[in-house]
Amino acid sequence: MVKQGLVFLLYPLLLSTLVLNCQCQERKLHIVYMGNKPDGDTSIASAHHSMLHKVLGSPSTAKESLVHSYGRSFNGFAAKLTKEEATKISGMHGVVSVIQNRHYKLHTTRSWNFLNLTVNKVGAPQESDVIIGLLDTGIWPEHPSFNDSGYGPPPAKWKGTCNSNITCNNKIIGAQYYNSDGEYIDTDIPSPRDSEGHGTHTSSTAGGSEVSDASYFGLAEGLARGGVPSARIAVYKVCWSFGCGLADILKAFDDAIADGVDIISVSLGGGPEDYFDDPIAIGSFHAMRNGILTSNSAGNSGPFPVTASNVAPWTLTVAASTIDRKFVARLQLGNGIILTGITINNFDLNGTSYPLIWGGSAANYTIGSSPDISKYCIPDAMNSDIVAGKIVFCEILWDGSGILLANGVGTIMADPLVVDPDFAFNFPLPATLITPADGQKVLDYIRSTDNPTATIFVSDAWKDVMAPIVVSFSSRGPNPITPDVLKPDITAPGVDILAGWSPIAPPSVYSGDKRSTLFNIISGTSMSCPHASGAAAYVKAVHPNWSPAAIKSALMTTASIMDTRKHPDLEFAYGSGQINPVAARDPGLVFDISEADYINFLCKQGYNTSTLRLITGDNSTCTSTTPGRAWDFNYPSFSLYVLDGQKISATFTRKVTNVGAANSTYTATISMPTAISVTVDPSVLTFSSVGQTLSFSVKVDGPAISQQPIMSGAITWTDGIHVVRTPLAVYNYIPGAPYNLPSETNSYTPTKRTVFKSSSIYHKDGIMGHLKTHP
């Protein structure tokens, strides 16, 4: 009995040990990054197989383990490895980094006109030679935004292909999909076809053809188009209902670079990572080496500082801001009071009033609900006998499904954590989101009236005279990886953007919404990113030989200045300002950055010669470079972080290349807070030819500062025609350490509650997936 009892007691321990041992030996997908593509005719795939054979012990196991072989644009592979096997491979010759596969989340009738890129300013013949590659959820190829009428064949430089289970045309010239997990859930379709809507939206925003009378169920009706309507589109589907695999993202970069795209648009991301542990940074570095600019979403974790993602200096990091249109849904109570809410409501109740109740009075006691639960109007918590045929006041921002499934007519929502909403959601039934103060008025009316009633009106599009303002959810700087590089770089429209949509994707925040639409209105840095991608393509069409850095510089130095009074975090919110595509075509001067400049930058960040030679495949060396501040990095902005108690003191060096008139003279002007002294030397630059490069230095001095917020201004060069503006930010920061406030501080706020983990506010795991943790 004693032995049996001992065995019984030890059994759980033995079982857990076996499980742990099993888990330790479980093979999980890893990315093995090996830097530059090797020269010669060596079979890269064979070399990868040989490495795996050496570690795994047999050719058959190596074959089964290998998932992706990267070799068209750079070197590496994705394979299923145990932790021990991954460690062995990380120590092998030629390996830069080994990264366990994870999943990133997906981070316009009016917006392009708001940027002054009107129809009459697009359509030049060379624009049809520009190819925009998008890493996203795929595309709906039959969508009118991708009609190829009037298009000739793809440009001769194009080397990509179209997956056999989707039909491409002369607009969509390439389409591939990647799913290294081999899993398909929910509505996932194993093809480049988009079942989420996100990829169709971003593609049509960047380069969609013109579509007349586009609207979201009658709202925002007008001409929908991309920034460069005649551009070609290549689609690389890396995102699914469960997210975007790192191994697939890197494979898509490998293909897009080799296929010959001109701009890569990536509206997804994760947290900030070391540059060569981040597949987006790795892929975009090799894109840069091949003359391709990558445009990235900054992320939706604002307004908290040090939340910007995709911060590699060779990418364009894009924040999100408003346009001069907002959607307002009015409601009228039975006592005549009219209240307004920020909501996209297309449902017309024809002014009919319906009984109005408080959600707390309609609890479904059968399933254990109570007024404290039903006041939030969550699914199954509602008494359908009471809710049916009524408008329900709910005390939280939700997806409307609780009222819809209980046969309610509509919902009025007020959330104490959403005090001043600055972007709108769309819902599957008549709805509006009002302020908590107005919510109290509704509740008081319900409690003081025998038969309260209300109606909700179709949304009106109001002119927003305060625009542009960086939206609350847009991730902020400073840059946690290299604080000497100011991030985000720029802001672009990302709020309430109308663009193409997959007709099989839910058209509202409720994933069970079965309605179908070809256009949707959504928000996110996912929406601002393709605006910047389209702007970059617009510049690339006129200057096909410009480097990625020159295009990026043109977009940054010509950006429209943002109102500092509306943005306490200044450049950490908007970077250089709002994109101005028309001005960017003729910037006057550019801050160009060569591959050698990037190598020098990486040396100063502490990367060693052997690692960099693997990455570049050449004789790059760090022997003459001492790790330190990146003040000589030729970035088109200036960022100076100061440790607490230190004096403000730095000297930056920059060089500018003349791309304007041959004979031109530029004079510098300085705008900075009075406590900070800035000297530019020389303050006048005289050019005698196009392509000439001149250097200058910027000396910044000031008193010792401690625990101070960002202070900023700008250095502006002008020749009387061109205005070349570069922001200068000074701030206290501890490099390499994000602000570590208690997690509770960061959880219970309007943006964290309503922005979630995705770069698209709309994404199906977004609002409701996040809000379900906070009833």
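**Entry 1. Charged network**

I looked up the linked charged residues and found that Arg72, Lys251, Asp254, Asp255 and Asp259 are joined in a network of salt bridges. I note that the model is a predicted one. I then asked how many salt bridges the rule gives in total. The count comes to 24. As general background, I recorded that side chains of opposite charge can pair when their charged atoms come close.

**Entry 2. Glu142 and Arg193**

I examined the salt bridge between the side chains of Glu142 and Arg193, where the N to O distance is 2.8 Å. This pair links distant parts of the chain, its two residues being 51 residues apart. I placed Glu142 in the loop between strand 6 and strand 7 (172–177), and Arg193 in the loop between strand 7 and helix 6 (198–207). Is Arg193 buried or exposed? Its relative accessibility is 18%, so I entered Arg193 as buried, the cut-off being under 20%.

**Entry 3. Arg289 and Glu595**

I next looked up Arg289, which forms a salt bridge with Glu595; their closest N and O atoms are 2.7 Å apart. Arg289 lies in helix 8 (residues 279–289) and Glu595 in helix 17 (residues 595–604), and the pair therefore ties together parts that are 306 residues apart in sequence. I also checked accessibility at both ends. Arg289 counts as partly exposed at 24% relative accessibility, and Glu595 counts as partly exposed at 25%.

**Entry 4. Asp597 and Lys655**

I returned to helix 17 for Asp597, which forms a salt bridge with Lys655. The closest N and O atoms of Asp597 and Lys655 are 3.9 Å apart, and I kept the pair because the cut-off for a salt bridge is within 4 Å. Asp597 is in helix 17 and Lys655 in strand 29 (residues 647–658), so that this pair, too, links distant parts of the chain, 58 residues apart. I recorded Lys655 as partly exposed, at 32% relative accessibility.

**Entry 5. Surroundings of Asp324**

I located Asp324 in the loop between strand 15 and strand 16 (325–333). Asp324 is buried, with a relative accessible area of 9%. Which side chain does the side chain of Asp324 meet in a polar contact? I found that of Lys463, at 3.0 Å. Leaving aside neighbours within four places in sequence, I listed the residues in contact with Asp324 as Arg110, Phe114, Trp462, Lys463, Asp464 and Ala467.

**Entry 6. Cis peptide bonds**

Ala467, one of the contacts of Asp324, led me to the backbone. The peptide bond from Ala467 to Pro468 is cis, with omega near 0°. I placed Pro468 in the loop between strand 23 (460–463) and strand 24 (490–493). I found a cis peptide bond from Gly477 to Pro478 as well, with omega near 5°, and Pro478 is also in the loop between strand 23 and strand 24. I noted these bonds because most peptide bonds are trans.

**Entry 7. Positive phi**

I looked up two residues with a positive phi because most residues other than glycine have a negative phi. Asn116 has a phi of about 70° and lies in the loop between helix 5 (111–114) and strand 6 (131–136). Val306 has a phi of about 55° and is found in the loop between strand 14 (293–297) and strand 15 (315–321). I compared their accessibility: Asn116 is partly exposed, with a relative accessible area of 38%, whereas Val306 counts as buried at 8%.

Technical notes:
Residues are numbered from 1 along each chain as its sequence is written. This is a predicted model: local features need pLDDT of at least 70, side-chain atom pairs count only at pLDDT 80 or more; totals for chains, interfaces and linings use all residues. Side-chain values use heavy atoms; hydrogens and water are left out. Helices (H or I, at least four residues) and strands (E, at least two) are DSSP runs, numbered from the N terminus. Buried means under 20% relative accessible area, exposed over 50%, partly exposed in between (1.4 Å probe, protein chains only). A polar contact is a pair of N or O atoms within 3.5 Å; within protein, one must be able to donate a hydrogen and the other to accept it, and residues adjacent in sequence count only if both atoms are side-chain atoms. Contact means heavy atoms within 4.5 Å.
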